[in-house]
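Trainee: Could you take me through a close look at one part of this model, the place where the two protein chains meet? I'd like it in one go, with the cut-offs spelled out.

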There are 2 protein chains.
Amino acid sequence: MPTTERPLRRDAELNRQRILAAAGELFSERGLCVTLDDVAHHAGVGVGTVYRRFPNKEVLIDALFERRMQALADVAAQARAEPDPWRAIVQFFERGCELQAHDRGLKELLASNAHGGPCLVTIRDRLRATVAELFTRAQAAGVVRADAAPADAPLIHLMLGVVMDRARDVDPELWRRYLALVLDGLRADGPALPVEPLTGEQLDVVLMR
Amino acid sequence: MPTTERPLRRDAELNRQRILAAAGELFSERGLCVTLDDVAHHAGVGVGTVYRRFPNKEVLIDALFERRMQALADVAAQARAEPDPWRAIVQFFERGCELQAHDRGLKELLASNAHGGPCLVTIRDRLRATVAELFTRAQAAGVVRADAAPADAPLIHLMLGVVMDRARDVDPELWRRYLALVLDGLRADGPALPVEPLTGEQLDVVLMR
DNA sequence: AAGGAACCGGAGATCACTCCTCCGGTTTCC
DNA sequence: GGAAACCGGAGGAGTGATCTCCGGTTCCTT
């Protein structure tokens with residue numbers, strides 16, 4: 001390690017914590033669009049203090065969302081531990097959506113690869129791998145339609161994300177209704193799906209806005 | 001009629017047509033967020049000319065989208081004419097989504113009641129009534145799950161709208177995949193949906209952003 | 001064919017944001 | 001007790017949309 005991290009002065013460290021706490025709340029409630037000025041005000045410190053500690057929003061987001069993103073990856077891992085392949089799928093989507101429904105920032109982070117540093121990227125990759133496993137297993141067991149694909153998962157999350165956003169104030173649980181609908185469609189072996197799933201690269205493009 | 005509409009001067013009328021044509025194209029391609037300045041430039045006239053003819057964007061949108069909205073209402077009406085209740089539902093969603101996929105402005109207009117004058121509102125109301133009929137009929141025939149509701153239609157459109165937006169450049173037909181998935185869920189008489197559908201007022205709120 | 005009303009173009013004023021810097025004054029730590 | 005680190009927040013700079021204003025042009029009427 002090239003730079004020996006000297007500990008911050010006491011007041012500086014206190015403010016850093018305040019900023020992180022405030023940013024955590026604000027990002028959860030209002031999404032990633034909050035201003036660092038907002039964060040400063042909500043933390044009860046000056047704007048300069050925030051910018052001194054976190055040169056830009058990316059850094060702050062990275063610092064905050066690493067563990068939240070990890071929580072989602074954990075949800076997928078736990079689902080993998082569920083013996084029934086179908087229940088595993090259901091569990092993954094339900095728990096995953098719950099996380100997103102309670103944390104607007106996380107939802108936006110998942111909806112767009114645009115934000116987020118390298119740390120988040122690796123977690124995201126691991127998440128994708130686990131999801132692929134869940135799908136493969138469920139399809140091998142014949143409980144998920146054969147023409148579904150792991151690449152459908154992010155799109156489903158995207159779709160439910162709109163419901164969460166729109167209905168947040170009216171019926172914050174409404175997304176469950178449409179998740180149930182989609183899961184039913186995922187299970188049913190109805191008429192073949194009319195379009196191929198996205199490839200990995202396509203998915204990257206789609207999630208990059 | 002209190003004010004006798006004197007016809008516009010020839011050059012003025014020509015420019016009005018140019019503006020309408022340009023706005024039509026731009027709204028289709030780029031959505032309702034286009035500036036009246038954009039419209040002016042694209043129409044080859046000055047900004048002032050646009051603002052003189054259409055005091056604000058609302059008026060222009062109303063003038064343009066009346067017939068496009070009507071087209072969607074027509075799609076619903078045509079679906080009602082289809083004898084098979086299930087095919088009617090499928091047809092409505094497919095044709096409706098096709099319209100939206102080709103017209104970003106229309107999609108946004110449907111996704112939010114925020115824009116649009118009284119004219120659009122009445123068409124929207126008629127549309128809703130027709131959709132309700134489609135659902136009732138299909139449910140009576142037992143081809144759509146009993147716990148689905150007409151209020152689900154706009155939400156489904158909303159969800160598919162995201163797919164259209166995101167995947168437009170990558171695979172403009174991708175929405176068909178997820179429509180098929182949802183329709184399968186709508187048909188299947190799987191486990192009961194876990195949340196009540198939105199009421200009319202709730203729906204208004206949800207669509208008002 | 002001439003005069004005035006109607007119309008044109010587009011520079012730029014206004015407003016509302018966000019991002020970020022700067023520096024006089026304060027706190028901490030050695 | 002004094003230097004280094006830190007604080008706050010006013011405000012500069014950049015952006016982007018909306019809409020006005022007015023000198024110059026075009027059209028229609030008589």
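Mentor: Here's the contact between the chains, then the symmetry behind it, and then the side facing the DNA.

Before we start, this is a predicted model, where local features need pLDDT of at least 70, side-chain atom pairs count only at pLDDT 80 or more, and totals for chains, interfaces and linings use all residues. Residues are numbered from 1 along each chain as its sequence is written, while chains are lettered from A and ligands numbered from 1 in the order in which they are written. As for pLDDT, that's the predictor's confidence in each residue, from 0 to 100. Chain A has a mean of 93, with 98% of its residues at 70 or more.

Now the meeting place: 31 residues of chain A are in contact with 31 residues of chain B (contact means that the C-beta atoms, placed from the backbone, lie within 7 Å). On chain A's side, α8 (152-167), α9 (174-187) and α10 (200-206) each give two or more residues; helices here are DSSP runs of H or I with at least four residues, strands are runs of E with at least two, and both are numbered from the N terminus. The largest share, 10 residues, comes from α9(A). By class, this side of chain A divides into 21 nonpolar, 3 polar and 7 charged residues (Ala, Val, Leu, Ile, Met, Phe, Trp, Tyr, Cys and Pro count as nonpolar, Asp, Glu, Lys and Arg as charged, and the others, Gly among them, as polar). As for confidence, α10(A) has the lowest mean pLDDT among the elements of chain A, at 91.

What does chain B bring to the meeting? 100% of chain A's interface residues are interface residues in chain B too, so the copies meet through the same surface. You can lay chain A on chain B with an RMSD of 0.1 Å by a turn of 180° and a shift of 0.0 Å along the axis, superposing by least squares on the C-alpha atoms of residues with pLDDT of at least 70 in both. That is how a two-fold axis relates copies. In chain A, the C-alpha nearest the axis belongs to A:G185, 2.0 Å away.

Both chains also face DNA strand D, which 22 residues surround, the closest being A:V45, A:G46, A:G48, B:R10 and B:G48 (near means a C-beta atom, placed from the backbone, within 6 Å). Here α3(A) gives the largest share, 4 residues. This surface has 7 nonpolar, 7 polar and 8 charged residues.

Notes:
Two residues are in contact if their C-beta atoms, placed from the backbone, lie within 7 Å.
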